[in-house]
Amino acid sequence: ADGYYEYMMVECVYSTSDYSDMVLLVSYSFNKIVELQYNSTVGKYVGITEDGVRQAERLNKNQADLQQQKASVDTICRHNAQNNDVAVRDKA
């Protein structure tokens, strides 16, 4: 089928039980090529392709969005990790 394939993938990565090393990764892909990524450790968007670099420059000027992404480590990642870990530990 002809057309475009665009998607966003959100990952919360951690390895400690206290979640102190929690990292939020948000990858934006177009036609199966990752063009742009937000990494909470870096604290900004990083362009991977030429178009992704342009998008990152534009997005990194939006301080409100960067603050929201940074807050997502707690509101999304830690929150869901705690809920999931409790469910797994209760089943063990």
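How many salt bridges does the count come to? The count comes to three, and we will visit each of them below. Before that, let us get our bearings in the fold. Please keep in mind throughout that this is a predicted model.

Start at the N terminus and follow the chain. The elements run β-β-β-β-α-α, which adds up to four strands and two helices. Strand S1 covers residues 6–13 and strand S2 covers 23–30, while strand S3 takes in residues 33–39. On the helical side, helix H1 spans residues 50–59, and helix H2 spans residues 63–91.

Now step back and look at the overall form. The C-alpha trace spans about 45 × 35 × 20 Å along its principal axes. The radius of gyration is 16 Å, whereas a compact globule of 92 residues would have one near 12 Å. Of the 92 residues, 28% are buried. Contacts tell you something about how the chain meets itself: among those with a separation of 6 or more, 28% join residues 24 or more positions apart. The accessible surface comes to about 6500 Å², and carbon and sulfur atoms account for 51% of that surface.

Charges are a good next stop. The protein has 9 positive and 13 negative charges, and the mean positions of the two groups are 3 Å apart. Side chains of opposite charge can pair when their charged atoms come close. With that in mind, let us turn to the salt bridges themselves.

Two of these pairs involve Arg 54. One partner of Arg 54 is Glu 50, with the closest N and O atoms 3.5 Å apart. Why are Arg 54 and Glu 50 separated by about one helical turn? They are about one turn apart because they sit four residues apart in helix H1. Arg 54 also forms a salt bridge with Asp 51, at 3.3 Å from N to O. Here, too, both residues belong to helix H1, and their spacing of three residues is about one turn of the helix. Taken together, Glu 50, Asp 51 and Arg 54 are linked in a network of salt bridges.

How open are the members of this network? Glu 50 counts as exposed, at 65% relative accessibility. Arg 54 is partly exposed, with a relative accessible area of 47%, and Asp 51 is also partly exposed, at 29%.

Helix H2 has a salt bridge as well. Asp 74 pairs with Arg 78, and their closest N and O atoms are 2.5 Å apart. These two residues are four positions apart in helix H2, so about one helical turn separates them. Asp 74 is partly exposed, with a relative accessible area of 45%.

While you are in helix H2, have a look at Ser 72. Is Ser 72 buried or exposed? Its relative accessibility is 9%, so Ser 72 counts as buried; the cut-off for buried is under 20%. Setting aside neighbours within four places in sequence, Ser 72 is in contact with Leu 24 and Cys 77. Leu 24 falls within the 23–30 range of strand S2, so you can follow this contact from helix H2 over to that strand by the residue ranges that define the elements.

For a second serine, go to Ser 17, in the loop between strand S1 and strand S2. Ser 17 has 66% relative accessibility and therefore counts as exposed, since exposed begins over 50%. Ser 17 and Ser 72 are 55 residues apart along the chain, and their C-alpha atoms are separated by 19 Å.

The loops also hold two residues with a backbone feature to check on your screen. Tyr 19 has a positive phi of about 65 degrees although it is not a glycine. Tyr 19 lies in the loop between S1 and S2, and at 6% relative accessibility it counts as buried. Lys 32 is not a glycine either, and it has a positive phi of about 70 degrees. You will find Lys 32 in the loop between S2 and strand S3. Lys 32 counts as exposed, with a relative accessibility of 66%.

Definitions and conventions
Residues are numbered from 1 along each chain as its sequence is written. This is a predicted model: local features need pLDDT of at least 70, side-chain atom pairs count only at pLDDT 80 or more; totals for chains, interfaces and linings use all residues. Side-chain values use heavy atoms; hydrogens and water are left out. The radius of gyration is taken over C-alpha atoms; the globule rule is 2.2 Å times the number of residues to the power 0.38. Buried means under 20% relative accessible area, exposed over 50%, partly exposed in between (1.4 Å probe, protein chains only). Contact means heavy atoms within 4.5 Å. Accessible areas come from the Shrake-Rupley method with a 1.4 Å probe; for residues, only the protein chains shown count as cover. Lys and Arg count as positive and Asp and Glu as negative; His and the chain ends are not counted. The place of a charge is taken as NZ of Lys, CZ of Arg, CG of Asp or CD of Glu. A salt bridge is a side-chain nitrogen of Lys or Arg within 4 Å of a carboxyl oxygen of Asp or Glu.
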